[in-house]
Amino acid sequence: MKIKNLKLGTRMSIVMILLAIIPVLIISISQNNKSEAALKKTQIEKMITIANNKKREIEKTFNYIIETANEIPLTSNNRTQIIEKLNILSEYAIIDNQKSITESSNLSYFQSLLESPKNQTIIEKLTKKNETTLSETFTQDQNEEITMLVSKPVIINETRQGTILFKINLKYITDIIYERSDLGTTGEIVIAHSEGDHAIFTFPLRYDHNAALKRKIYFDDSPVARPIKEATQGIKDSGIAIDYRGEPIIAAWEPITLPSSKYPWGIVAKIDLNEGIAAVTDLKKSTYTLTVTFFIIIIHAGYYFSRTITKPLEKVKDYANNIALGNYDENINIDAHDEVGELTSSITHMAQTLIAQKEAVTETQSALKKNISTLEERNSSLNNVKKAMINILEDLETEKAKITASKAKDEALLSSIGDGMIAIESDLTISVINKAAEKILKIKKEESIGKKLFDVITVTDEEGKSVPDNAKPALIALNQNIKTSNNKLLYKNKEDYTVPVSITAAPIISNEKAIGVIIIFRDITKEKNIDRMKTEFISLASHQLRTPLSAIKWFLEMLLNGDAGKISDEQKEMLENVNQSNERMIQLVNSLLNISRIESGRIIIDPKPTNLNTLVSEILTEIEGRAKEKDIHIIFSSNENIQEIMVDPKLIYEVYKNLITNAIKYSPEKSEITIIISSKENEIISQVSDNGYGIPEKDQHRIFQKFFRAENILEHDTDGNGLGLYLTKAIVESSGGKISFESSVGKGTTFFFSLPKKGSKKQEGNVSLNS
Amino acid sequence: MNTFLVIEDEKLLLNAIQKKLEKNGIKSVGFENGEKALKYINESEENPDVIWLDYYLNGMNGMEFMKKFNQAKHSIPVIVVSNSASEEKVNTMHQLGIKKYFLKAEHTLDAIINEIKKIIPNK
């Protein structure tokens with residue numbers, strides 16, 4: 001069994017036992033032995049002392065006995081004294097030389113004693129002695145009481161008369177012997193005397209009550225009862241011996257010299273060895289108990305402490321095994337800071353390093369794989385891209401060709417259109433300008449492209465004044481994102497050459513913002529001239545016509561009145577016809593004049609707070625007659641609480657009059673006309689509705705034109721001059737309102753117009769309508 | 001055939017409306033004030049398909065009419081045809097549950113009737 005192969009726990013225990021227990025054992029054993037030896041020595045000395053003391057006491061007592069016997073007088077006169085002195089000597093008997101009792105304290109006793117055959121020798125010896133003498137010990141037959149006598153010769157007048165025998169009260173001796181106070185529970189004083197070749201116990205023994213004068217110890221070499229043997233042979237000694245029982249004892253023994261005794265008594269003071277060294281025995285016992293307990297504790301401790309090492313080591317072993325098997329998941333928890341803990345940390349560290357390395361390797365592998373596949377992917381996608389790019393290039397070539405062709409087309413178009421076109425960008429830079437523009441404005445393309453629009457041309461009104469920015473069509477289009485037209489402006493170039501133009505400007509919108517403007521314009525010098533000429537002509541002609549017409553009117557009046565004489569019915573009829581025709585012509589001329597005034601902007605617009613309801617009511621009164629004639633029913637519905645608005649009442653009057661008279665004119669008999677005025681949030685809306693002939697669709701777009709009369713009403717009424725609606729529209733629009741209509745042939749017509757509640761602007765003019 | 005209930009205080013206009021409805025093949029029953037109209041609605045077993053309501057009436061105006069009308073929990077659609085339309089008035093009336101608000105002068109009677117026909121289920 002090699003130590004290396006033993007388990008740690010065992011080794012620990014062994015070590016601890018060796019280190020802890022064995023020294024202790026050695027020490028305690030030697031200490032015990034020393035203690036035992038010391039105790040033995042002490043006990044032996046104690047026995048020696050006791051033996052000695054007892055011996056002296058006994059000797060003293062016997063001496064006392066002899067003294068006492070000596071002091072007792074011989075004469076019979078002193079018997080009383082004798083009696084008094086009888087305590088240690090309990091009985092007496094005076095015997096003569098024939099051994100007959102002459103006097104005794106206990107006659108019967110002494111008689112039997114003297115008669116007993118085995119006592120004869122003893123008595124004989126005593127009677128022969130000439131001094132006070134102790135007898136041997138002997139037993140009485142009857143009761144086996146140990147008896148001892150002391151004799152004193154009765155010598156009177158130098159002759160022996162006899163002998164006094166005293167019985168010794170052996171209690172005085174036995175008291176000494178049986179006084180065992182220092183001899184524990186096993187000790188005793190043994191008294192024996194020699195009988196030649198053997199010793200015999202004198203008195204009863206503790207362990208043998210019948211030993212007195214019966215049990216013999218022969219003088220042999222055996223160690224049994226050595227003390228008795230030696231003491232009765234006159235040897236004084238002490239030590240460990242074996243007693244008469246065969247038991248080991250601690251004893252001290254010595255001879256007791258009795259006066260006048262042939263053979264000495266021996267006294268042994270003894271105590272059982274066990275008792276003598278009981279203290280040490282106890283000590284040994286407790287030592288051994290403690291040692292065993294300690295032993296057990298140490299073994300457990302050894303194993304326990306060894307576990308503190310083996311347990312973590314086991315964990316480490318398991319952990320290492322797991323790592324070896326590839327189980328990287330296990331985690332090891334050692335919370336030790338000793339060498340085991342350090343070992344654990346190192347192993348853990350090593351394992352983790354291994355794990356990390358392995359993982360790193362795995363990662364690297366998979367990363368490599370990924371890289372390879374990525375590279376493959378990239379390669380194929382690069383190929384695709386290459387193919388796509390080739391396609392794109394081909395497409396681009398095609399597109400380029402198309403664009404070039406398209407561009408050529410556009411250029412051709414642009415240069416072919418007759419109107420001037422200028423395209424500007426949001427910063428007013430001219431980007432495109434066509435041939436017509438160059439021609440109309442008398443400017444050159446090269447000098448205009450890239451320049452700001454209003455550096456190349458300026459915009460003026462008909463009077464030659466500069467036009468504010470908010471009235472320039474290009475800027476309106478750009479800033480308000482709306483298409484706008486204006487035919488009342490003139491363009492002026494750098495050389496102060498002006499041309500009246502009809503301008504349309506439209507914003508180029510991208511992402512809901514104007515990024516440029518396309519301006520199309522036409523030289524309207526001719527039209528303007530024509531228009532002006534027309535207006536002037538009309539004006540002139542109207543004025544010129546008015547005079548004769550008025551004249552005709554008056555003369556007709558006078559004729560019809562009979563101022564030139566009575567006229568016949570036939571004449572009256574004819575004259576009335578003429579009158580009617582004249583009236584028509586006057587109307588026409590008035591209308592023409594009105595129109596021309598409006599067109600030339602010379603009409604006064606004089607807004608005043610006007611109640612439209614009142615206005616309409618006035619008209620209704622005026623045309624009542626005409627309505628009745630055709631049995632036409634007029635319904636007027638209006639908001640009673642209509643507010644007054646700032647409009648020129650004279651002008652608006654004309655509007656209502658025109659619409660209402662039209663409604664009457666173009667409705668059949670017995671029909672209904674509805675006039676409604678409603679108030680909206682910011683405007684007043686008026687409606688004139690009839691159930692008349694209606695306006696054909698194809699003519700609807702021309703209804704507001706000068707002199708236009710639709711075909712269908714020409715059949716019914718040849719009377720109109722086609723100027724009413726034109727005038728109406730002009731008035732409504734210059735008052736800030738709008739006019740519209742719905743019509744259906746055979747069903748009727750409804751005109752709607754609005755007037756702003758905020759009123760119309762004042763206009764300075766120099767004429768009013770119909771003046 | 002559909003039935004319209006027209007509430008309009010201008011008698012001439014009411015006649016014109018009813019004549020127009022007749023021309024369009026629609027039965028109508030007309031009232032010149034709101035109370036009479038409400039009484040008729042509450043008591044009659046047949047409910048009209050739509051109510052044509054003017055705003056300014058004698059007695060209770062259009063708004064008061066709508067409030068009373070709503071209390072009785074009728075489910076007849078109400079169209080307002082009025083001479084005035086401020087944003088506020090139009091919103092109030094819409095909140096009271098009217099289906100549409102027409103400004104008289106803005107539409108022909110025929111146009112209004114056509115619009116209303118679109119709103120009510122055809123019979």
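## How chain A meets chain B

About 1700 Å² is buried between chain A and chain B, with 49% of that on carbon and sulfur atoms. On the chain A side, I635(A), S637(A) and E681(A) give up the most area to chain B, and together they make up 23% of what that side buries. Keep in mind that this is a predicted model, so everything here is computed from predicted coordinates.

In residue terms, 23 residues of chain A are in contact with 19 residues of chain B. There are 16 residue pairs in polar contact between the two chains, counting pairs where both residues are at pLDDT 80 or more. Which strands of chain A supply at least two residues each to the side that touches chain B? They are β19 (633-638), β21 (672-680), β22 (683-690) and β24 (748-756). The largest share, 7 residues, comes from β21(A). Sorted by type, the chain A side divides into 7 nonpolar, 12 polar and 4 charged residues.

β21(A) also pairs with a strand of the other chain: together with β5 of chain B (residues 84-85), β21(A) runs in the parallel sense over 2 bridges. Within that pairing, K680(A) stands opposite A85(B). The side chain of K680(A) has a partner in chain B too, since K680(A) and E106(B) meet in a salt bridge at 2.8 Å, N to O. Across the whole interface, 2 salt bridges turn up.

### A look at chain B

Chain B has 5 helices and 6 strands. Walk along its sequence and the order reads β-α-β-α-β-α-β-β-α-β-α. Of its 123 residues, 52% are buried. Take the contacts in chain B with a separation of 6 or more: 65% of them are between residues 24 or more positions apart.

### Salt bridges

Over all chains, the structure holds 38 salt bridges. Here are a few of them, with the closest N to O distance for each pair.

| Pair | N to O distance |
|---|---|
| K680(A) and E106(B) | 2.8 Å |
| E36(A) and K40(A) | 3.2 Å |
| K452(A) and D427(A) | 3.8 Å |
| D496(A) and K492(A) | 3.8 Å |

Start with E36(A) and K40(A). Both sit in helix α1 of chain A (residues 8-71), 4 residues apart, which is about one turn of the helix. Is E36(A) buried or exposed? E36(A) has a relative accessible area of 15%, so E36(A) counts as buried. K40(A) comes in at 22% and is therefore partly exposed.

The K452(A) and D427(A) pair joins two loops. K452(A) is in the loop between α11 (445-448) and α12 (453-456) of chain A, and D427(A) is in the loop between β12 (420-425) and β13 (430-433) of chain A, so this salt bridge ties together parts that are 25 residues apart in sequence. Both partners are partly exposed: K452(A) has 36% relative accessibility, and D427(A) has a relative accessible area of 38%.

For the D496(A) and K492(A) pair, D496(A) is exposed at 55% relative accessibility, whereas K492(A) is partly exposed at 24%.

Some charged residues go beyond simple pairs. In chain A, E188(A), D243(A), R245(A), K270(A) and D272(A) are linked in a network of salt bridges.

### The hairpin of β12(A) and β13(A)

The loop that carries D427(A) lies between β12(A) and β13(A), and these two strands form a hairpin with 4 residues between them. In the turn, L428(A) has a positive phi of about 75 degrees. The two strands pair in the antiparallel sense over 3 bridges, and A423(A) of this pairing stands opposite V432(A) in β13(A).

β12(A) has another neighbour as well. It is joined by 6 bridges to β17 of chain A (residues 513-523), and the two run antiparallel. In β17(A), V517(A) is the bridge partner of I424(A). How many of the 6 residues of β12(A) are buried? The count is 5, leaving β12(A) mostly covered.

### A buried arginine

Last stop: R709(A), in the loop between α18 (697-700) and α19 (711-716) of chain A. R709(A) has 14% relative accessibility, so R709(A) counts as buried. Its side chain makes a polar contact with the side chain of Y666(A) at 3.1 Å.

Terms used: Residues are numbered from 1 along each chain as its sequence is written. Chains are lettered from A and ligands numbered from 1 in the order in which they are written. This is a predicted model: local features need pLDDT of at least 70, side-chain atom pairs count only at pLDDT 80 or more; totals for chains, interfaces and linings use all residues. Side-chain values use heavy atoms; hydrogens and water are left out. Contact means heavy atoms within 4.5 Å. Buried area is the accessible area (1.4 Å probe) that two parts lose on being put together, summed over both. A salt bridge is a side-chain nitrogen of Lys or Arg within 4 Å of a carboxyl oxygen of Asp or Glu. A polar contact is a pair of N or O atoms within 3.5 Å; within protein, one must be able to donate a hydrogen and the other to accept it, and residues adjacent in sequence count only if both atoms are side-chain atoms. Ala, Val, Leu, Ile, Met, Phe, Trp, Tyr, Cys and Pro count as nonpolar, Asp, Glu, Lys and Arg as charged, and the others, Gly among them, as polar. Two strands pair if DSSP finds at least two bridges between them. Buried means under 20% relative accessible area, exposed over 50%, partly exposed in between (1.4 Å probe, protein chains only).
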